[in-house]
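Subject: Structure handover

Hello,

Here is the structure for you to look over. Please open it alongside the notes that follow.

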Amino acid sequence: MSKIIIIGGLSAGPSAAAKARREDENAEIILFEKGAHISYATCGMPYAFSGVIEDRSNLIVVKPELLQNRFKIDVRLNEEIVKIDTVNKVVYSKIGDYSYDKLVFATGAKSIVPPIKNIEKATNWSTCRSMIDFDKITSEGLAATSKHVTVIGAGLIGVEVAENLKEAGKDVTLIEGDNQILNMWQQKFGNFAETVLKEKGIEVITSGFVSEFELDENWKISGVKIKDGKTVKTDFVILSVGIKPNTDLLLENGAEHIGNGALKVNEQMETSIKDVYAAGDNVAIKNLQTNEYDYFPLGTHSNKAGRAAGANAVGKQINFKGAYKTAIVKVFDYTLARTGLNPRALNQLEIPFKTVLTIAGSTPSYYPDQKDLITEIYYHAETEQILGAELFGEVGVDKRVDVLSTAIYAKLKITDLAQLDLAYAPPYSPAKDPVVVSSFVAENISNHKSVQVSVEELEDFLTDENTNHYTLIDVRTVAEFEKGTIPNAINFPLDDIRNNIDAIKTLNKPIIIFCQRGLRGYLAELILKQNNIDTIVNLAGGFKLWQMYSDKIVIPKPVLVDKK
Ligand SMILES: Cc1cc2nc3c(=O)[nH]c(=O)nc-3n(C[C@H](O)[C@H](O)[C@H](O)COP(=O)(O)OP(=O)(O)OC[C@H]3O[C@@H](n4cnc5c(N)ncnc54)[C@H](O)[C@@H]3O)c2cc1C
């Protein structure tokens with residue numbers, strides 16, 4: 001009978017334990033957890049602050065008794081393993097030492113606490129990682145006396161926490177050191193999310209380096225001081241500035257690791273130390289696109305990797321190959337999602353890529369309450385293989401990101417998306433799904449029917465020295481144009497454009513064309529090209545995206561160009 005020891009009882013550990021038992025009825029399996037609970041839903045904690053998850057008890061997904069009774073796992077709560085001897089295969093706690101045949105190391109990670117002045121004296125702050133944190137935040141941060149809460153760090157967790165505190169009725173300030181929130185995404189997508197947070201009343205401060213907590217006479221934080229900036233008056237602070245893998249016990253045994261201490265594991269979740277498996281937030285896994293070790297501390301990976309580690313520890317063969325940074329986050333009524341490599345990563349890796357950006361309805365225009373979905377896909381400039389995508393919208397973002405993630409795994413080309421047999425009925429999708437539309441547009445780009453220019457590129461064009469060198473044409477209706485347009489744009493509505501070919505030719509400059517979302521611009525582009533006006537590009541995402549991206553909007557004078 002083999003003896004399996006598992007250290008860590010939250011996500012990867014219980015997954016490993018249950019799978020090991022399913023694969024081997026006879027193994028002796030002991031699970032050590034230094035805390036008082038196992039298997040609670042850390043991912044659900046932010047939603048319990050607002051009451052979406054109504055009761056604390058709902059966060060406890062699996063009770064120790066279930067592991068004990070149903071799976072015959074010997075669960076040792078409140079017992080921390082403090083030393084491991086991997087040569088003699090023994091783990092030590094303060095109350096005993098235990099030998100193992102195979103060890104599954106599922107110790108996760110801990111929150112990073114930055115060296116902010118006065119943090120060690122202050123009492124009214126917490127990280128947001130454990131049930132202890134959860135209880136402190138609910139009893140102090142959510143107390144009636146805490147009217148204002150500051151969240152430091154605007155990654156996935158910081159944003160979720162800020163949203164749910166706002167929903168719970170708190171005034172919230174979200175402070176981020178980087179120049180954008182949610183920096184897994186490109187800047188413009190981060191900015192879209194930031195706009196939503198601000199519209200909902202959250203104060204968002206970017207490029208804000210917190211240097212000091214101002215304390216009152218009771219050692220309570222009364223203000224959060226930002227270096228070279230203002231002081232945010234507050235009643236409670238939540239820190240969410242990153243995590244560090246809990247790997248010291250194996251690092252001192254010489255385990256191989258990456259820069260942040262995360263353990264290198266192979267597809268069977270074996271560490272570099274014999275008979276020691278690891279899974280969860282304490283490991284580096286392979287990025288399936290770069291084939292390099294990467295750090296993706298997410299619950300989906302800890303569950304799947306824990307399952308593989310548990311099976312392999314009892315002699316089975318299950319692989320967990322790796323990941324490629326698929327992520328999704330709710331931002332009030334909106335959803336932001338991503339998968340794969342984005343331009344920042346692709347540029348670093350010097351991979352030549354093209355981009356296609358579309359704004360398309362998540363459902364048909366005739367179906368009530370249609371919402372726009374912004375989809376940007378990055379694909380290899382030569383092979384056309386899909387490399388990454390970022391999405392933002394109110395409806396159907398989750399479905400499309402998973403289609404695109406699957407496309408990356410399957411190594412599909414951008415043009416393959418048009419061939420996918422995706423589900424269609426009006427409540428769910430238009431007949432041409434946004435993913436399919438992206439493929440059509442990319443095909444038009446490949447066939448040189450259309451050239452897209454991005455909002456970022458247009459912003460560069462809008463500098464004084466450039467504006468004389470091109471013409472910016474708004475092909476929306478006069479009524480749309482008069483409500484507001486991009487600086488320097490002139491208006492030739494699409495439906496009248498054939499009557500204005502000569503006037504456009506006399507402009508004699510390269511043309512940047514735009515409409516509201518991109519389609520009418522493309523049609524205008526085709527008409528002009530077929531009338532021998534060749535130097536022309538279409539603004540991807542049109543005025544809508546520009547409006548979301550930039551505050552540079554003008555209300556034009558009634559007549560800008562004599563079109564007769
Ligand atoms: C607020 C929040 C929201 C999240 N939302 C999402 C989400 O929406 N989607 C997503 O994919 N991921 C999300 N995550 C991440 C996800 O929760 C983690 O990836 C996952 O919990 C990692 O599981 P783990 O078992 O590897 O590590 P951990 O959760 O860190 O658990 C490790 C356990 O090991 C115990 N332990 C450590 N050292 C010892 C020792 N020496 N002896 C005994 N016990 C020990 C710890 O007490 C802990 O219970 C979120 C995380 C947080 C904090």
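Below are the domains, the ligand site, one strand and one loop residue.

Please keep in mind that this is a predicted model.

Domains
The domain assignment splits the chain into four parts. Domain 1 is made of two stretches, 3–110 and 244–313. Domain 2 covers 125–241. Domain 3 runs from 333 to 446, and domain 4 from 452 to 549. Over C-alpha atoms, the centres of domain 2 and domain 4 are 41 Å apart.

Ligand site
Where does the ligand lie relative to domain 1 and domain 2? Both domains give residues to the shell around the ligand, so the ligand lies between them. The shell holds 32 residues. Closest to the ligand are G8, L10, S11, G108 and G280. Sorted by class, 14 shell residues are nonpolar, 13 are polar and five are charged.

Three helices each supply at least two shell residues: α1 (12–23), α2 (45–49) and α8 (299–313). Which of them gives the most? That is α8, with three residues.

Strand β16
Strand β16 spans residues 236–239. Are its residues buried or exposed? F236 and I238 are on one side, V237 and L239 are on the other, and all are buried. Both faces of the strand are therefore covered, given that a residue counts as buried with 20 or more other C-beta atoms within 10 Å of its own.

Two strands pair with β16. Strand β9 (residues 125–127) runs parallel to β16 and is joined to it by three bridges. Strand β10 (residues 148–152) is also parallel to β16, with four bridges. V237 appears in both pairings: W125 stands opposite V237, and T150 has V237 as its bridge partner.

Loop residue K321
K321 sits in the loop between α8 and β22 (327–331). Why does K321 count as exposed? K321 has 11 C-beta neighbours inside 10 Å, and the cut-off for exposed is 12 or fewer. K321 still has contacts beyond its sequence neighbours. Leaving out residues up to four places away in sequence, K321 touches E267, K286 and L288. E267 is 54 residues from K321 along the chain, yet their C-alpha atoms are separated by 5.1 Å.

A good place to begin is the ligand shell, then V237 in β16, then K321.

Best wishes

Technical notes:
Residues numbered from 1 in each chain as written. Predicted model: local features only at pLDDT ≥ 70, side-chain atom pairs only at ≥ 80, totals over all residues. Pairing = 2+ DSSP bridges. Domains from an automatic or database assignment. Near = placed C-beta within 6 Å. Nonpolar A, V, L, I, M, F, W, Y, C, P; charged D, E, K, R; others polar. Contact = placed C-beta atoms within 7 Å.
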